[in-house]
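Colleague: I would like to learn how to read a model of this kind, feature by feature, with the general idea before each case. Could we go through it together?

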Amino acid sequence: MDHLGTSLEYRTIANTPAGHRQLVSWAQNCNVARVAVEGSGTFGRPMAVTAVGAGLDVREVPPQLTARFRRRGRTQTKTD
């Protein structure tokens with residue numbers, strides 16, 4: 001997303017160690033400095049730890065905001 005909240009690219013990445021590395025690599029290749037993780041208990045923690053370890057700024061997003069985005073976006077399903 002850009003600073004106005006416009007989606008620039010959509011990507012599905014597995015919540016696995018390989019997926020976490022894929023996310024970091026993609027973010028670094030796109031010169032992304034900040035990533036957001038949905039606050040869903042401890043489910044996003046491993047990805048957040050990997051991203052922080054790679055030097056990315058990680059922010060937690062409340063589930064209510066991601067639900068609102070899903071209603072506006074391409075799909076209404078939660079993909080985690």
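Modeller: We shall take the overall fold, then the helices, the core and the charged side chains.

Colleague: What should I keep in mind before reading any value?

Modeller: This is a predicted model, in which local features need pLDDT of at least 70 and side-chain atom pairs count only at pLDDT 80 or more, while totals for chains, interfaces and linings use all residues. Residues are numbered from 1 along each chain as its sequence is written, and side-chain values use heavy atoms, with hydrogens and water left out.

Colleague: How many helices and strands does the chain have, and in which pattern do they follow each other?

Modeller: Helices (H or I, at least four residues) and strands (E, at least two) are DSSP runs, numbered from the N terminus. Here the chain has three helices and two strands, and reading along the sequence gives the pattern α-β-α-β-α.

Colleague: What percentage of the residues is buried, and how much area does the chain expose?

Modeller: A residue is called buried under 20% relative accessible area, exposed over 50% and partly exposed in between, with a 1.4 Å probe and protein chains only. Accessible areas come from the Shrake-Rupley method with a 1.4 Å probe, and for residues only the protein chains shown count as cover. In this chain of 80 residues, 24% are buried, and the chain exposes about 5800 Å², of which carbon and sulfur atoms supply 53%.

Colleague: How do I read a helix such as α1, and which of its residues are buried?

Modeller: An α-helix has 3.6 residues a turn, so residues three or four places apart point the same way. The expected span of a helix is 1.5 Å times one less than its number of residues; α1 has 13 residues and reaches 18 Å from its first C-alpha to its last, close to the 18 Å expected at 1.5 Å a residue. In α1 the buried residues are Gly-19, His-20, Leu-23, Val-24 and Ala-27. Because these residues cover an arc of only 140° around the axis, they lie on the same side of α1, the arc being that of the directions from the helix axis to the C-beta atoms. On the other side of α1, Pro-17, Arg-21 and Asn-29 are exposed, whereas the cover over the buried residues includes β1 and α2. Just after α1, Asn-31 takes a positive phi of about 60°.

Colleague: Which residues does His-20 contact, beyond its neighbours within four places in sequence?

Modeller: Contact means heavy atoms within 4.5 Å. His-20, which counts as buried at 6% relative accessibility, is in contact with Ala-14, Asn-15, Pro-46, Met-47 and Thr-50 once its neighbours within four places in sequence are set aside.

Colleague: Which residues of α2 are buried, and what covers them?

Modeller: Met-47, Ala-48 and Ala-51 are the buried residues in α2, and they are on the same side of α2 because they cover an arc of only 100° around the axis. Their cover includes α1, β1 and β2 (57–61), while the face of α2 turned away from its buried side carries the exposed residues Arg-45 and Gly-53. After α2 comes Gly-55, whose phi is positive, near 90°.

Colleague: Which residues form the largest nonpolar core?

Modeller: In soluble globular proteins, nonpolar side chains tend to be buried together. A nonpolar core is a set of buried Ala, Val, Leu, Ile, Met, Phe, Trp, Tyr and Cys residues joined through side-chain atoms within 4.5 Å. The largest one here has ten residues: Ile-13, Leu-23, Val-24, Ala-27, Val-35, Val-37, Met-47, Ala-48, Ala-51 and Leu-56. The elements that give two or more residues to this core are α1 (17–29), β1 (34–38) and α2 (45–53).

Colleague: How many salt bridges are found in the whole structure?

Modeller: A salt bridge is a side-chain nitrogen of Lys or Arg within 4 Å of a carboxyl oxygen of Asp or Glu, and a search of the whole structure finds two. Asp-57 pairs with Arg-34, their closest N and O atoms being 2.9 Å apart; Asp-57 lies in strand β2 and Arg-34 in strand β1, so the pair ties together parts that are 23 residues apart in sequence. Arg-59 also forms a salt bridge with Asp-57, with the closest N and O atoms 3.0 Å apart. Shared partners thus join Arg-34, Asp-57 and Arg-59 into one network. Arg-34 counts as exposed at 51% relative accessibility, whereas Asp-57 is partly exposed at 27%.
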